[in-house]
Amino acid sequence: MTDIRDSASGRGAAAAARRHRAVRAAVAEGLISDGQPVVGLLDVAGIRESVAALRTAFDEALPPGTPVLHAFAVKASPLVPVVRLLRELGVGAEVASPGELALARAAGVPVAATVLDSPAKTTAELREALSLGIAVNADNAQELARLDALVAELGTRSPLGVRVNPQTGTGSIGALSTATSTSKFGVALRDPGVREWVVEAYVRRPWLTRLHAHSGSQGVPLKLIAEGIAALYGLAEEINEAAGRRQVDTLDIGGGLPVNFASDEHTPGFAAYVGALREAVPGLFDGRYGLVTEFGRSLLAKHGTVLAKVEYTKSAGARPIAVTHAGVQVATRTVYAPESWPLRIAAYDAEGAPRTGEPVAQDVAGPACFAGDLLATDRPLPRIRQGDVVAALDTGAYYFAHHYAYNSLPRPGVYGFTEGPAGTPGVRFATVRTPQTVDEIVAESGAAHTDALLR
């Protein structure tokens, strides 16, 4: 059964309507203004719906009582209030650095709901994780050797495992594909002798009880993701048979469900993802293995919007150009790799109402001082006017994490929005991140050491 909350058209249409109301409210309340010409918005109701759809998809596929930890990939939105909201919805945290671990702890994520993944963990990071009891997935043989020493010293309160690379292939965005034949992540499972080494490593270490793979990402089709998880499952079965016991009891299947950046529809949804896994790896859902997931983009992307004031409009070569305050500083991937990371753009008038009219091919430019700072090129949109507001859609994941300080442009403020209950109209905003000030830019640029090079 597919939960209605995972329905592509229903969720998308409702989210678009909420977005329209939020833009109008942001303009009316002066949230976006001359003093703050670019802001980020997060749709709290949409985030709640995504979490519900994720949990429902797995709950309906698994026997009651099967242990499942849905851990949010903090890299997708390293904002404490976001991680806190997800924690209140029953979601843990997947972290990949000391900073992300600190954010998760500040948000109140319990150590039992935290997973540490990184290809470059220091001994100090590993020691901290084991001292706290945080789950760790070792990335390689040298890290496993470090864990040998630390486990002998500290014991094994932490669930421990090894990350393997199933080497199942590349998606449409090579730089993000984690299961290629030469990926930097994990132990390369199909390289000569490696599979045998992994099995022996587990047999010799009874404290290795988890097994991890991450085969999905943007641009990777469901069938290829499922192929990687099938390889993980097959390896777990082989390890347990060799050990003569149910040593591996939990499979961390990562995340990486692609997001549709072409429309408001939520496709593929979590129900489709689980369906693809059930078809390819039916044993994964028989209750013998606990599961860990690590979704990020698919939970948040559709629920974020970057709003920017249109400062000027002009034309060059007969093409209209809208010069806005949102560009490479908030949409770095889109600006530098627009073919892989196109963004939908919506136009609103100065009052926050959706722009209407015949589409006109035009560029939507950012404020940075290089020609390629463009959110959209030759994009058909209702004619944008000076003083309008443009919205970069589907920016709830990574776009508030990848701030690029070109031209010393400040990090924008981020605000969550909710609506009153039925019969109580009105949009309410809550500050998630305050906008960076010019004084803060100066301070972090070495102002305390102004004369350091004069000595």
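**Exercise 1.** In this predicted model, classify tyrosine 404 as buried, partly exposed or exposed, and do the same for its ring partner, tyrosine 336.

*Solution.* Step 1: tyrosine 404 has a relative accessible area of 30%. Step 2: buried means under 20% and exposed over 50%, with partly exposed in between. Tyrosine 404 is therefore partly exposed. Step 3: the value for tyrosine 336 is 48%, so this residue also counts as partly exposed.

**Exercise 2.** Determine which geometry the pair of tyrosine 336 and tyrosine 404 has, and where in the chain the two residues lie.

*Solution.* Step 1: the ring centres are 6.0 Å apart, and pairing requires centres within 6.5 Å. Step 2: the planes stand at 75°, and over 60 degrees counts as edge-to-face, so the pair is edge-to-face. Step 3: tyrosine 336 belongs to helix H11 (residues 332-336), while tyrosine 404 sits in the loop between strand S16 (389-393) and strand S17 (413-419). The pair therefore ties together parts 68 residues apart in sequence.

**Exercise 3.** Repeat the analysis for phenylalanine 270 and phenylalanine 295, and name the aromatic cluster that contains them.

*Solution.* Step 1: a search of the whole structure yields 10 aromatic pairs. In the pair treated here, the centres are 5.2 Å apart and the planes are at 75°, so phenylalanine 270 and phenylalanine 295 are edge-to-face. Step 2: phenylalanine 270 is in helix H9 (residues 270-280), and phenylalanine 295 is in the loop between strand S10 (290-293) and helix H10 (297-300), 25 residues apart. Step 3: phenylalanine 270 has a relative accessible area of 3% and is buried; phenylalanine 295, at 1%, counts as buried too. Step 4: one aromatic cluster is formed by Phe58, Phe270, Tyr273, Phe285 and Phe295.

**Exercise 4.** Describe the largest nonpolar core and the contacts of leucine 211.

*Solution.* Step 1: the largest nonpolar core has 113 residues. Phe58, Phe72, Leu211, Leu251, Tyr273 and Leu284 have the most contacts inside it. Step 2: helix H8 (residues 222-243) gives the most to this core, 10 residues. Step 3: leaving out residues up to four places away in sequence, leucine 211 touches several residues, including Val162, Tyr202, Leu232, Ile239 and Asp252. Step 4: another core, of 18 residues, lies apart from the largest one, with Ala25, Leu31, Ile32 and Val39 among its members.

**Exercise 5.** State the volume of the second largest pocket and the make-up of its lining.

*Solution.* Step 1: the volume is about 260 Å³. Step 2: the lining has 15 residues, and Gly35, Gln36, Pro37, Val38 and Pro410 lie nearest the pocket centre. Step 3: the lining divides into 8 nonpolar, 6 polar and 1 charged.

Key: Residues numbered from 1 in each chain as written. Predicted model: local features only at pLDDT ≥ 70, side-chain atom pairs only at ≥ 80, totals over all residues. Heavy atoms only, no water. Core = buried A, V, L, I, M, F, W, Y, C linked by side-chain atoms within 4.5 Å. Buried < 20%, exposed > 50% of the residue type's maximum accessible area, 1.4 Å probe, protein only. Helix = DSSP H or I, 4+ residues; strand = E, 2+ residues; numbered from the N terminus. Contact = heavy atoms within 4.5 Å. 1 Å grid on protein atoms, 1.4 Å probe; cavity = no way out; pocket = protein on both sides within 12 Å on 5 of 7 lines; lining within 4 Å. Points joined across faces, edges and corners; volume = space filled by probe spheres on them. Nonpolar A, V, L, I, M, F, W, Y, C, P; charged D, E, K, R; others polar. Phe/Tyr/Trp six-rings, centres within 6.5 Å; stacked < 30°, edge-to-face > 60°.
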